[in-house]
Structures are given as C-alpha cells and as structure tokens.
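Please find below a colleague's note, set out as numbered points for discussion. The sequence and the structure come first, and the comments follow.

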Amino acid sequence: MDSHPVGRVILMSFHPQYAQRILDGTKRVEFRKRRIADDVTHIVVYATAPVSAVVGAFAVRDQHSLSPHKLWLRFEEVAGIGIKDYVNYFSGRETGVGIEVGDTWRAHTPMYLRESFGIARPPQSFQYLADDTAALTLKSLNEQQ
C-alpha cells in the first residue's frame with residue numbers, strides 16, 4: 001500500500017457476486033449513481049448478505065461521470081455485470097459514475113462490522129471510515145497479501 005497514498009477511505013456495500021468479481025479482477029469498474037468525493041483513495045469492500053462481512057479493499061484509480069450509454073461503451077469489457085442488470089440499475093438516470101478499480105487486497109478471513117469496526121449495521125451505499133480505522137484496516141489487508 002506504500003505506493004498508494006491514503007486519503008479518505010470509505011466502506012461500501014456490494015452484492016457478494018460483484019465483491020468477488022472486483023477482488024478476482026474480472027470487474028474493473030464499479031458503477032454508482034452518484035460520485036464519491038474526489039479525495040477518496042480507497043474503498044473497503046463490504047459484501048452484503050449472506051456474506052455480511054468486509055472481504056477486501058481496492059484503490060480508486062479514477063472516476064468518470066457520463067451518461068449510462070457512454071459509461072457502458074467505455075467499460076463494457078471490464079464491467080463485470082450483464083447489460084440487463086446494468087440497464088435496470090441506471091433506468092431513468094441521465095448520468096452515472098464509473099469508479100475505476102486499481103490494486104485490490106483480499107481479506108484471508110472475513111472482517112465483521114461490529115467486531116472489527118465497531119459499526120452496528122452496514123451502510124446503505126457507503127460511509128466514511130475514521131482515519132485510524134481506515135489506516136488499521138488497510139494495513140491489515142496489506143499484511144495479508
């Protein structure tokens with residue numbers, strides 16, 4: 001992680017299949033309806049039920065705000081999602097965001113929110129992590145590699 005300066009870090013919820021695809025490198029962009037702050041450098045990956053745990057993290061390479069059509073044309077080869085689900089997700093939206101996935105780190109064992117982070121429930125979309133929590137989490141994931 002030394003080559004990736006750490007700014008703000010967010011905990012973001014993902015359906016388990018998409019979390020897996022990000023961490024195995026087959027999904028190289030995460031689509032969202034809203035941008036995250038430009039100073040977010042890392043995303044801690046929380047896989048929703050049935051996993052219900054943090055399973056890894058990734059560095060944010062870049063963000064792109066474009067129409068859903070242009071986002072798909074740009075990233076379809078690394079989208080890690082089918083066109084039908086993609087279209088349904090962005091239905092009625094004029095713009096969408098593609099968050100490019102940089103380096104990834106996988107947890108060897110799941111990290112549960114209450115025990116590892118003192119967080120009672122997962123974020124609906126995402127939440128910022130306190131600096132000390134973020135630093136410890138990224139350090140722990142890096143040491144597991």
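The points below take up the aromatic rings, the pockets, individual side chains and the backbone of this predicted model.

1. Aromatic pairs. The structure contains 7 aromatic pairs. In one of them, the ring centres of Y89 and F90 lie 4.9 Å apart with the planes at 75°, so this pair is edge-to-face. The angle decides the matter, because planes over 60 degrees apart count as edge-to-face. The two partners differ in their surroundings: Y89 is partly exposed, at 30% relative accessibility, whereas F90 is buried, with a relative accessible area of 4%. A further pair is formed by F126 and Y128, whose ring centres are 5.7 Å apart and whose planes stand at 85°, so it too is edge-to-face. Y128 has a relative accessibility of 35% and counts as partly exposed.

2. The aromatic cluster. Which residues do ring pairs link into a cluster? The members are F31, W72, Y86, Y89 and F90. Y89 therefore belongs both to this cluster and to the edge-to-face pair with F90 described above.

3. Charges over rings. Two basic side chains deserve attention in this context. The charged end of R32 is placed over the ring of F14, at 5.2 Å from the ring centre. K33 lies over the face of Y89, and here the distance to the ring centre is 4.6 Å.

4. The largest pocket. The space in the largest pocket amounts to about 330 Å³. Its lining comprises 13 residues, and those nearest the centre are H15, Y18, E30, R32 and Y89. Which elements supply at least two residues each to this lining? They are strand 1 (8-14), strand 2 (29-32) and helix 3 (83-89). Strand 2 gives the most, with 3 residues. By residue type, the lining of the largest pocket divides into 5 nonpolar, 4 polar and 4 charged residues.

5. Y18 in the lining. Y18, one of the residues nearest the centre of the largest pocket, is located in helix 1 (residues 16-24). Is Y18 buried or exposed? With a relative accessible area of 13%, Y18 is buried, since the limit for that class is under 20%. Y18 also approaches a residue distant in sequence: its C-alpha atom is 7.2 Å from that of G80, although the two residues are 62 apart along the chain.

6. The second largest pocket. For the second largest pocket the volume is about 240 Å³. The lining consists of M12, R32, K33, R34, I36, Y89, Q124, S125 and F126. These residues divide into 4 nonpolar, 2 polar and 3 charged. R32 and Y89 appear in this lining and are also among the residues nearest the centre of the largest pocket. K33 and Y89, which line the second largest pocket, are the partners in the charge-over-ring arrangement at 4.6 Å.

7. R34. R34, which lines the second largest pocket, is found in the loop between strand 2 and strand 3. Its relative accessible area of 58% makes R34 exposed, because that class begins over 50%. The C-alpha atoms of R34 and G98 are separated by 9.3 Å, with their positions 64 residues apart along the chain.

8. Buried polar side chains. H42 is placed in strand 3 (residues 40-47) and is buried, at 0% relative accessibility. What does the side chain of H42 contact? There is a polar contact with the side chain of T41, at 2.8 Å. Q63, in strand 4 (residues 53-66), is likewise buried, at 10% relative accessibility. The side chain of Q63 reaches the backbone oxygen of I36 at 2.9 Å, and I36 is one of the residues lining the second largest pocket.

9. Backbone geometry between strand 3 and strand 4. Two features of this loop should be checked in the displayed structure. The peptide bond joining A49 and P50 is cis, with omega of about 15°, and P50 lies in the loop between strand 3 and strand 4. S52 is placed in that loop as well. The phi of S52 is positive, about 55°, although S52 is not a glycine. At 29% relative accessibility, S52 counts as partly exposed.

Technical notes:
Residues numbered from 1 in each chain as written. Predicted model: local features only at pLDDT ≥ 70, side-chain atom pairs only at ≥ 80, totals over all residues. Heavy atoms only, no water. Phe/Tyr/Trp six-rings, centres within 6.5 Å; stacked < 30°, edge-to-face > 60°. Buried < 20%, exposed > 50% of the residue type's maximum accessible area, 1.4 Å probe, protein only. Lys NZ or Arg CZ within 6 Å of the ring centre and 35° of its normal. Helix = DSSP H or I, 4+ residues; strand = E, 2+ residues; numbered from the N terminus. Polar contact = N/O pair within 3.5 Å; in protein donor to acceptor, adjacent residues only side chain to side chain. 1 Å grid on protein atoms, 1.4 Å probe; cavity = no way out; pocket = protein on both sides within 12 Å on 5 of 7 lines; lining within 4 Å. Points joined across faces, edges and corners; volume = space filled by probe spheres on them. Nonpolar A, V, L, I, M, F, W, Y, C, P; charged D, E, K, R; others polar.
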